[in-house]
Amino acid sequence: MHQRSLYHKWFGIVMAALALAMLLPLPILAQTAAKADNARPAPKLADGKVDLGGSGIWAPKWVQDWADTQWVEKAVDVPFTPAGAAKYQERRATLSKDDPEGYCMPPGVPRYTGTPYPFQFVQLQDRVLIIHESMHGYRIIFLKDPNDPKKHPPLESLNPTWLGHSVGWYEDSGQTLVIDTVGFNGNTWLDYVGHPTSENLHVVERITRPNYGTLHYQATIEDKQMYTKPWTSSFTVPWRQGQELMEYVCNENNKDILHMNTTGWK
């Protein structure tokens with residue numbers, strides 16, 4: 001081998017090694033930062049309640065199935081009613097082609113938390129706001145007066161919506177935010193695989209921050225039309241210090257979506 005060729009060979013090897021060395025520390029640094037955040041206690045608000053906000057965002061993974069341990073903490077044997085099972089099997093058979101989120105409709109609850117887009121909390125004296133990057137959506141959780149036993153207005157007075165009507169309160173000495181939501185329009189899917197809902201849907205969410213870098217999210221689903229009894233699923237969401245929400249644009253009247261089928265573009 002000529003000396004010049006040998007030089008070029010070793011030069012290429014050295015440059016490739018340097019490039020690899022520059023890339024390796026990035027995930028290592030990220031893991032180190034995550035471990036450090038998980039070792040720190042959760043921050044508190046001035047009144048002692050858990051601080052779910054701060055300078056950063058919560059960045060969930062995509063929970064495609066609230067009953068599958070590939071996405072959530074524990075497997076769930078979903079207690080379908082005959083109507084619920086039929087609707088679910090129909091959506092599985094058509095590969096979720098009619099998923100309303102694919103048509104730019106709001107993800108609903110609890111699906112909003114399980115979309116692969118970040119979100120933020122804003123905790124106020126009388127309400128909590130959850131601001132989602134996905135579709136620039138937001139939820140308003142009205143904090144319930146602890147002296148008032150009523151949770152929601154009468155259901156017949158509520159206008160059914162994609163996100164429902166939410167009230168909330170703090171438990172565990174202010175360390176758990178509980179959100180109770182009713183008044184849904186029945187059009188949302190619980191997840192990508194198509195667990196169904198009806199206007200009878202009732203969701204109770206329990207949100208904690210066990211340490212600085214982790215949010216623990218739990219949702220209990222109750223819908224007597226689709227499920228024979230309530231069922232619960234949960235997962236954790238990592239914190240991303242210093243990151244911000246980005247712009248997300250999705251149009252309800254998206255004509256191009258009608259050109260799609262299960263195999264690609266027509």
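Begin by selecting R206 and D172, which form a salt bridge whose closest N and O atoms are 3.8 Å apart. The model on display is a predicted one. This pair connects distant parts of the chain, with R206 in strand 7 and D172 in the loop between strand 5 and strand 6, 34 residues apart. Colour the two residues by accessibility: R206 counts as partly exposed at 26% relative accessibility, and D172 also counts as partly exposed, at 48%.

**Along strand 7 to E205**

Next, select E205 together with R139. Their side chains meet in a salt bridge, with an N to O distance of 2.9 Å. R139 belongs to strand 4 (residues 138-143) and E205 to strand 7 (residues 202-211), so this contact ties together parts that are 66 residues apart in sequence. Are these two residues buried or exposed? R139 has 4% relative accessibility and counts as buried; E205, at 1%, counts as buried as well.

**K151 and D180**

Now select K151 and D180, another salt-bridged pair, in which the closest N and O atoms are 3.7 Å apart. K151 is found in the loop between strand 4 and strand 5 (165-171), while D180 is part of strand 6 (residues 176-182), so the bridge ties together parts that are 29 residues apart in sequence. The burial of the two partners should be inspected separately. K151 is partly exposed, its relative accessible area being 41%, whereas D180 is buried, with a relative accessible area of 3%.

**The network at D99, E101 and R111**

Select D99, E101 and R111 as one group; a network of salt bridges links these residues. How many salt bridges does the structure hold? The count for the structure is nine.

**Helix 3**

Move to helix 3 (82-93) and display its backbone. This helix has twelve residues, and the distance from its first C-alpha to its last is 16 Å, close to the 16 Å expected at 1.5 Å a residue. Within helix 3, select G84, Y88 and R91, which are buried. These residues cover an arc of only 65° around the axis, which puts them on the same side of helix 3. The general geometry of such an element is relevant here: an α-helix has 3.6 residues a turn, so residues three or four places apart point the same way. Then rotate the view to the face of helix 3 that is turned away from its buried side, where the exposed residues P82 and A93 are carried. After the helix, select L95, which follows helix 3 and has a positive phi, near 55°.

**The disulfide**

For the last stop, select C104 and C250 and show their side chains. These cysteines form a disulfide, with their sulfur atoms 2.1 Å apart, and the count of disulfides comes to one. What is the handedness of this disulfide? The torsion about the S-S bond of C104 and C250 is about -80°, so the disulfide is left-handed. C104 lies in the loop between helix 3 and strand 2 (119-123), and C250 in the loop between strand 9 (231-241) and strand 10 (260-261), so the pair ties together parts that are 146 residues apart in sequence. Accessibility completes the view of this site: C104 counts as buried at 9% relative accessibility, while C250 counts as partly exposed at 29%.

Key: Residues are numbered from 1 along each chain as its sequence is written. This is a predicted model: local features need pLDDT of at least 70, side-chain atom pairs count only at pLDDT 80 or more; totals for chains, interfaces and linings use all residues. Side-chain values use heavy atoms; hydrogens and water are left out. A disulfide is a pair of cysteine sulfur atoms within 2.5 Å. Helices (H or I, at least four residues) and strands (E, at least two) are DSSP runs, numbered from the N terminus. Buried means under 20% relative accessible area, exposed over 50%, partly exposed in between (1.4 Å probe, protein chains only). The expected span of a helix is 1.5 Å times one less than its number of residues. The arc is that of the directions from the helix axis to the C-beta atoms. A salt bridge is a side-chain nitrogen of Lys or Arg within 4 Å of a carboxyl oxygen of Asp or Glu.
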